[in-house]
Amino acid sequence: MMSLFRKILVLAALLMAIVFPLTYSSAQDASSYDKYTELLHKGSYTKEKDTFVEKVGNAPAVPLELTKAGIEKVLIWVEKTHLNDKVSYAWGKIHEWGFHPTGQQLYDKPQNGYNILWDRSKLIKASPIVENAGFTAWNGLNEYGYYDAAGKLNADNILNTGLYANQLFKYENREREPFYGVGHDTSRGVSYTYKLQAMNYETRWGKEFKFPGFFGKLNVEGQYDFRRVHISGGRDGAKHNIENRFNESSLAGVHGGEYHIIGANIMHDDRNSVDDPTYGGYRKFTILYNQGLNGDQFEFVKYRFEAAQFFEILSNKNVVGIRFAGESNSRVGHKQIPFFEMARLGGWSSLRGYEYNRFFDNNSLWMSFEYRYNVWTFKRFKLDLVPFLDIGSVYGESGNFAMADTRISYGGAARWKIRDRVNIDFEVGHGDEGTQFYVKYTTPY
Amino acid sequence: MDNPMRRFFSAIFLSLVITAFGVTNVSAQQTSVSPNLEELSHAKVKKKETSMYADFFDKNVYDRGVQWFYIPRVFRKMFNLKKPSVNANVYDELPDSTFFTNRIGRKDMTAEEIVKGPEVTTGPETTGPWTIVKGKFEGITPGFFIKDAKGNEYLLKFDPPGYAELSSGAEAIASRMMYALGYNVPQYTVVYFDPSILTVWEHATYYAKSGFNRPLTMEKVTEALKDINRTPDGKLRASASLKVGGILKGPMSFNSFRKEDPNDYFRHRNHREIKALIVFASWLNNHDLRKGNTLDTWIDDGKGGGYLKHYLIDFGSSFGSAGDRPKDPTFTFEYFLDYKDVAYQTATLGVFEPDWKKRWETNHKTFRFPSAGNFDNLYFRPENWKPEIPHYAFDDMTLGDAFWAAKIIMKLKPEALKEIMAVGQYSDKDVEKYIYDILTERQKMIGQYWFGRVTPLDEFELKSLGGGKAEFSFKDLEVFYNLSNAAPSYRYRVVTHNKKGKEKVYQGDTNFSGSPLELDLVSFKSLGKFDVVIEKLNSNTGKWNPPVILTVSSDTSGDGFVLAGIWHADKVKK
């Protein structure tokens with residue numbers, strides 16, 4: 001009797017006799033392949049090398065490779081030694097102690113500068129008497145002799161009424177201020193310089209009204225200033241000193257003066273953000289009565305207004321900003337307006353294609369148009385580009401403004417923002433007298 | 001029958017069975033073999049370094065600028081020519097290597113296999129004690145290097161405050177998916193533990209926020225953990241990554257190879273698995289692809305030498321997570337410095353909204369689940385997906401590389417993925433379902449896009465029918481995965497290619513409707529080797545997609561033919 005195992009074996013052999021020839025024949029016909037074979041489509045397992053053509057073609061990049069290696073090593077070292085953390089920590093500490101160092105650069109060298117602001121605006125804890133009180137001091141200087149020092153005391157929301165008060169003490173020394181004469185048609189080729197030393201005490205008292213929703217806030221305040229200004233020859237070997245060319249009769253205030261000011265300011269602000277507005281705007285109006293002291297024959301009223309409005313175009317990353325501004329100084333009787341208190345145009349804050357303080361006169365009227373659009377965003381960092389156009393003019397008497405006298409400047413800005421606040425503003429402005437460059441840490445408006 | 005006889009017959013029987021079935025289905029049985037690795041001594045391998053700043057500078061600043069000085073690259077860019085991946089084999093696949101192992105691409109993996117992933121341990125022993133050997137307090141969320149009771153070393157990383165489960169869940173799931181897809185990854189486990197099991201090694205240090213190295217104390221650990229999310233029973237949740245075995249040799253470049261490694265043959269930018277990494281990353285939404293998130297380790301082969309194994313690490317920036325916070329709106333839409341987008345925005349005065357902005361506005365500047373982060377498929381376009389920094393390798397990806405990656409991605413079955421989601425240990429099942437839904441939808445979108453750009457045929461078999469006739473069978477992946485409603489339409493031609501790649505046509509374009517394709521090849525037999533070029537009609541554009549080229553050679557031992565090569569071409573070329 002066949003064992004069970006033998007039976008299975010015989011059965012299996014019979015099965016194989018039938019199945020195997022079939023499977024074998026199909027195996028002969030089937031095109032089977034090792035899908036994951038090491039046989040490569042191109043080349044073989046040898047170190048990849050550039051061909052001669054590639055070597056020649058890549059040669060222009062070889063010197064740059066060396067630079068890269070150096071920079072990479074430094075970056076790795078910085079991160080490995082946590083140098084970035086150390087610097088960031090130290091910088092944070094400096095700010096924590098209230099010090100805010102900044103620098104600024106204008107193409108016109110005397111305006112380059114370094115500032116340090118010591119901010120102790122949170123000297124006291126909020127109380128029912130004063131919500132916030134503090135002291136701010138700042139100090140700026142540059143290698144051309146510009147120097148300023150100031151201190152400001154503030155008390156906000158007194159007795160929870162919205163009333164506030166500020167006291168400012170300021171001293172400034174400007175070694176080389178440009179002066180091109182009075183009027184809209186002065187020549188850039190005929191320029192003078194003067195040195196200005198000024199001491200200023202200012203007190204402001206006001207009330208802030210806050211409105212619900214989109215209506216923003218309104219500030220109404222009164223101010224009193226005392227100023228003492230001393231003018232002398234500017235420090236510039238190449239340019240003419242103002243005191244050699246003018247006297248008090250040909251240019252009021254050429255030796256400075258002492259005067260006080262009483263005035264009022266009204267400001268309405270409904271911007272959605274002060275640092276980076278996309279809609280809303282602000283409107284400021286100031287009236288200041290100035291009167292000479294100790295025999296100085298100054299007496300005039302200064303009117304100043306400025307209004308800016310922002311509009312989103314299609315989305316909040318494209319913003320149009322329009323600003324109108326003007327200043328009018330009206331003499332009282334036959335008294336004088338010192339030239340250093342005249343309306344001025346030119347430079348980063350007004351006509352950006354013209355030099356700083358390029359135009360002086362009793363009145364000015366100007367406007368700016370900016371289109372701010374975002375081209376890059378990464379985390380909290382942003383880069384905005386800003387084409388702009390500035391138009392404006394100074395003029396002598398009220399009502400004498402003429403469109404034909406206006407100066408036009410245009411240009412572009414690149415603004416680097418962190419957390420929707422401009423940190424670096426690089427601007428290039430061009431006008432009919434040339435091109436100006438600016439590096440600043442905020443926006444003109 | 002005695003035992004030796006029984007064993008003899010059994011052996012004969014088994015060998016017959018194996019031979020029979022083995023011959024008929026070699027491709028299914030074939031086991032992978034890594035290239036023969038040359039011995040490499042540990043001392044010879046340099047330890048490399050990188051940093052986040054160096055990666056950003058190197059790739060986003062230097063490479064982007066200097067690429068214009070590499071004339072051949074400029075030339076290729078101008079004419080949209082792309083180098084084929086040098087490590088792809090004759091069948092348009094990748095052989096297993098120290099970079100990549102064909103896992104789900106080779107055979108189906110069960111959910112259990114994928115969940116197991118690269119598992120070496122089951123995670124740190126939560127009974128403790130865990131000794132902190134080093135603190136990692138840079139950044140928003142703290143981390144610790146710990147040693148558990150068994151002596152295994154892990155890196156513990158916590159979820160960002162307010163976003164419980166965000167990065168730990170993403171890392172656990174994404175790492176397993178990447179493992180299944182074929183990459184070498186460390187083991188990541190979600191752990192819950194009582195902070196009381198933590199102890200501090202007496203020599204442990206940490207880098208304080210001031211940038212100085214300080215001794216680590218328990219007080220400091222407690223302070224660091226005070227903002228970390230806790231479970232209702234006071235436990236902490238973390239992602240625990242097991243220290244990779246072998247001797248750590250620093251990061252792997254996505255661009256060049258290690259000169260000292262004899263097994264590192266090709267510049268990494270020409271590797272298919274590196275080039276196509278962007279396709280896998282687009283699925284997992286892992287934007288943090290950079291040198292700093294790779295690791296080379298020297299593995300002792302036990303024969304006195306060793307070899308280098310290349311890992312991808314850190315998957316905490318997958319899905320909606322950016323590691324220490326939810327993804328920023330621009331992530332995956334723009335590089336850190338995206339010159340092209342900046343130029344476009346500049347030139348168009350910012351009038352056109354970028355996709356990231358449209359998406360962010362549509363989502364009302366928020367996202368549905370804090371644990372899922374900023375993750376959805378709104379404005380997701382597989383071809384436009386971007387990591388945080390660009391790489392030459394990704395620029396150079398061919399359609400064939402993308403097809404290869406998409407093909408592997410499609411192999412991960414939705415039902416398996418559903419089970420894998422459990423490793424994220426989300427407390428809210430809605431979050432798990434939300435991420436799963438996005439992943440499955442995105443998987444389909446990726447398949448649909450890349451399959452739609454090529455002739456998406458795969459799994460070719462060539463059967464000689466005798467008399468010079470042969471039958472090609474294949475699978476159209478677009479049809480197989482039901483990604484297109486249009487009836488497929490194909491054409492083929494028989495050609496030979498000269499050295500410059502120019503075709504000499506022996507049989508002109510002939511339309512056919514699908515697999516199998518029966519051809520009379522008798523008149524081409526004398527050529528020895530020839531190509532059958534198959535193209536699929538793109539139903540959207542009405543044009544023929546770049547072809548798949550089948551290289552056929554005459555079987556010298558008989559009157560049949562064998563399939564000698566498969567290549568998914570990048571361009572329609574005649």
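## Exercises on a predicted two-chain model

In strand S12 of chain A, the residue that serves as bridge partner of Asn290(A) is Phe300(A). The model is predicted, and the exercises below begin with the strands around this pair before turning to the contact between the chains.

**Exercise 1.** Describe how strands S11, S12 and S13 of chain A are paired, and find the residues with a positive phi in their hairpins.

*Solution.* Begin with S11(A), residues 280–292, and S12(A), residues 299–313, which run antiparallel to one another and are joined over 12 bridges. The hairpin that they form has 6 residues between the strands, and within this hairpin Asn294(A) has a positive phi near 55°.

Next, follow S12(A) to S13(A), residues 315–331, where the pairing is again antiparallel and extends over 14 bridges. A bridge to look for here is that of Lys302(A), whose partner in S13(A) is Asn329(A). In this second hairpin there is 1 residue between the strands, and Leu314(A) takes a positive phi near 70°.

**Exercise 2.** Characterise the contact between chain B and chain A, starting with its extent and ending with the elements of chain B that take part.

*Solution.* First, count the residues: chain B brings 97 of them to the contact, while chain A brings 65. The area buried between the two chains is about 7,200 Å², of which 62% lies on carbon and sulfur atoms.

Second, consider the charged pairs, for which the rule finds 7 salt bridges across the interface. Asp458(B) and Lys35(A) form a salt bridge through their side chains, with 3.9 Å from N to O; this pair qualifies because the cut-off is 4 Å. The residue pairs in polar contact between the chains, with both residues at pLDDT 80 or more, number 33.

Third, ask which elements of chain B supply the touching side: those giving two or more residues include helices H1 (3–24), H3 (52–66) and H10 (339–347), together with strands S11 (457–466) and S18 (561–568). H1(B) contributes the most, with 9 residues. By type, the residues on this side of chain B comprise 49 nonpolar, 20 polar and 28 charged.

**Exercise 3.** State the confidence of the prediction for chain A, and locate a stretch where pLDDT stays under 50.

*Solution.* Start from the chain as a whole, where the average pLDDT is 87 and 88% of the residues reach at least 70. Then look at residues 17–31 of chain A, over which pLDDT remains under 50, although the model gives this stretch 20 contacts beyond four places in sequence.

Notes:
Residues are numbered from 1 along each chain as its sequence is written. Chains are lettered from A and ligands numbered from 1 in the order in which they are written. Side-chain values use heavy atoms; hydrogens and water are left out. Contact means heavy atoms within 4.5 Å. Buried area is the accessible area (1.4 Å probe) that two parts lose on being put together, summed over both. A polar contact is a pair of N or O atoms within 3.5 Å; within protein, one must be able to donate a hydrogen and the other to accept it, and residues adjacent in sequence count only if both atoms are side-chain atoms. Helices (H or I, at least four residues) and strands (E, at least two) are DSSP runs, numbered from the N terminus. Ala, Val, Leu, Ile, Met, Phe, Trp, Tyr, Cys and Pro count as nonpolar, Asp, Glu, Lys and Arg as charged, and the others, Gly among them, as polar. Two strands pair if DSSP finds at least two bridges between them. pLDDT is the predictor's confidence in each residue, from 0 to 100.
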